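This report describes selected local and sheet-level features of one protein model for use in computational work. The sequence and coordinates are shown first, and the description follows.

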Amino acid sequence: MSHLSRFVFKVVTILLMVVLISLNTHQVQGQEGIVVENPEVTVDFGRSITFTAKIKSPIPIKQASILFRGVNEEVTRVETLQVAEDGAVNFIYDASLNVFPPFSSIVYWFQATLTDDKTYTSEPINFSYNDTRFPWREITRTIVTIHWYAGDDAFGAAALDAAGAGMLAMREFIPISLTDPINIYIYSNEPDLQNTLLLGGEEWAGGHANPELGVVLVAIAPGAGQSIEMETKIPHELTHVMMYRALGDKYINQPAWLLEGIASMVERYPNPEYARALDIASGNNSLLAFEDLCASFPADAGNAFLAYAQSQSFATYIRDTYGTAGLTRLTSAYGDGFNCELGATNALGTPLSQLDARWRESVLGQNITGVAARNLAPFILLMALVLVVPIWGAIDMLRQRRKRGNQTQ
Ligand SMILES: [Zn+2]
């Protein structure tokens, strides 16, 4: 064999070995790990979530578990599984004890430790924890999907129109993001909706929008009043979602009165009862101080209603006085962490308490500075007498002197 042929032989041998080794590792990798077949999730909303699958592995499984969490949650739940001879697993999660928010997205995956004492993890799988108790229909336009179960096709179309009109109206106050989807679920009555909120956990108690999930829940009965309800409720809740998308982490720093005030401004038909509630509360001096509406709204229905009425009127007053730019400066000051009183000073040059007083004066016709002036009136009169009498006396003296001077000339 010549040097050259020996060299070629060596190269070919090395190449063959490389190919064989890589084939070999490929085979080993193929044998390793676990394969999940036919994964299925059955949701019985508010009661249970049933996970089933078959876990296949080249060598026996010593121990297996299922792991899952809401996509926005930090904590992962881990449950040990019994694996049948054929790899079948089945796990029933009690959703009545450990609730997930309605319509939230849940991610799950499997882990198995095999007889080689290595632990293998499957690919994650997502599913929606939907309220499965109703026969939902749906219609989508751009990023908005309307889901409803009572009412005809026209009902769904009207709801889409209300959402579109709401987006146009809120464009004046906040930037609109059209990238992520928004799902609006319309229940046909308040008890159905309240029941869903109850099954979905406390975080839903305060409102009907979960901005983080891009999910809105409203109760609207099909019938004569449906358009007014749609054009009021849908834009309001959509505003919460869009504000969250515009502000991100800074959404949580916003005072409740500001979030609710802006959302209520976008409603096509502001509640006619708001004006009456404001009149009565102003008359009997039971208006709520805005500094008490920063962290949250009152729990009792009557005061909560008044809080909405005040917030809607107050936000409108701020917009009319300082413009939309003023509202934007306000959300950014609060977003930067200013407290409720000083956020207003930073953004508008006036502390919240003073803004509150000015709103009472100019919108509700209370006369706060006027009252102060009336209380001071007797003192002002006295001051005037004390000052004016000597001044007149001095002028009189000067006059007399001038007269005398004229006489001598
Ligand atoms: Zn709201």
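Glu 341 counts as partly exposed, because its relative accessibility is 26%, a value between the limits of 20% for buried and 50% for exposed. The residue belongs to helix H8, which covers residues 340–348. Its C-alpha atom is 9.5 Å from that of Leu 355, and the two residues are 14 positions apart in sequence. These values, like those below, come from a predicted model.

**Zinc site**

Three residues coordinate the zinc ion: His 236 and His 240, each through NE2, and Glu 260 through OE, at 2.0 to 2.1 Å. Along the sequence these donor residues follow the spacing H-x3-H-x19-E. The pair His 240 and Glu 260 links distant parts of the chain, since His 240 lies in helix H4 (residues 226–247) and Glu 260 in helix H5 (residues 256–265), with the two positions 20 residues apart in numbering. Both His 240 and Glu 260 are buried.

**The five-stranded sheet**

An open sheet of five strands has the order S9-S10-S11-S13-S12, and its pairing is mixed. Strand S9 (137–141) and S12 are at the edges; each has a single partner strand, so one side of each lacks a neighbour in the sheet. The pairings described for this sheet are listed here.

| Strand pair | Sense | Bridges | Opposed residues |
|---|---|---|---|
| S10 (residues 144–148) and S11 | parallel | five | His 147 and Tyr 185 in S11 |
| S11 and S13 | parallel | five | Asn 183 and Val 215 in S13 |
| S12 (residues 209–210) and S13 | antiparallel | two | Asn 210 and Val 215 in S13 |

Val 215 thus appears in two of these pairings: it stands opposite Asn 183, and it is also the bridge partner of Asn 210. S12 and S13 form a hairpin with four residues between the strands, in which Gly 214 takes a positive phi near 70°.

How is strand S13 placed with respect to the rest of the structure? Five of the five residues of S13 (residues 215–219) are buried, so the strand is largely enclosed by the rest of the structure. The burial applies to both faces: Val 215, Leu 217 and Ala 219 are buried on one side, and Val 216 and Val 218 are buried on the other.

**The second largest pocket**

Several of the residues already named recur at a pocket. The second largest pocket has a volume of about 250 Å³. It is lined by 17 residues, of which Pro 181, Asn 183, Leu 213, Gly 214 and Val 215 are the closest to its centre. Strand S6 (104–114) and strand S11 (182–187) are the elements that give two or more residues to this lining. By class, the lining comprises seven nonpolar, seven polar and three charged residues.

Among the residues closest to the pocket centre are Asn 183 and Val 215, which stand opposite each other in the pairing with S13. Gly 214, also in that group, is the hairpin residue with the positive phi.

**The three-stranded sheet**

A further open sheet consists of three strands in the order S1-S2-S5, with antiparallel pairing. Its edge strands are S1 (35–44) and S5 (88–94), each of which pairs on one side only. From one strand to the next, the twist averages 15°. S1 and strand S2 (residues 48–56) run antiparallel and are joined by eight bridges. Within this pairing, Val 41 has Phe 51 in S2 as its bridge partner.

**Non-glycine residues with positive phi**

Which backbone positions have a positive phi although they are not glycine? Asp 117 has a phi of about 65°, and Asn 285 has one of about 60°. Asp 117 is located in the loop between S6 and strand S7 (119–121). Asn 285 is in the loop between helix H6 (272–283) and helix H7 (301–335).

Both residues are classed as exposed. Asp 117 is so classed because its relative accessibility is 52%, and Asn 285 because its value is 64%; the limit for this class is over 50%.

Notes
Residues are numbered from 1 along each chain as its sequence is written. This is a predicted model: local features need pLDDT of at least 70, side-chain atom pairs count only at pLDDT 80 or more; totals for chains, interfaces and linings use all residues. Side-chain values use heavy atoms; hydrogens and water are left out. Donors are N, O and S atoms within 2.8 Å of the metal (3.2 Å for Na, K and Ca); water is not among the atoms, so sites may look incomplete. Buried means under 20% relative accessible area, exposed over 50%, partly exposed in between (1.4 Å probe, protein chains only). Two strands pair if DSSP finds at least two bridges between them. Axes are lines fitted to C-alpha atoms, for helices over the stretch in contact, and angles run from 0 to 180 degrees between N-to-C directions. On a 1 Å grid over the protein atoms alone, a cavity is a set of points where a 1.4 Å probe fits but cannot get out, and a pocket is an open set with protein on both sides within 12 Å along at least five of seven lines; lining residues have an atom within 4 Å of a point. Grid points are joined across faces, edges and corners, and a volume is the space filled by probe spheres set on the points. Ala, Val, Leu, Ile, Met, Phe, Trp, Tyr, Cys and Pro count as nonpolar, Asp, Glu, Lys and Arg as charged, and the others, Gly among them, as polar.
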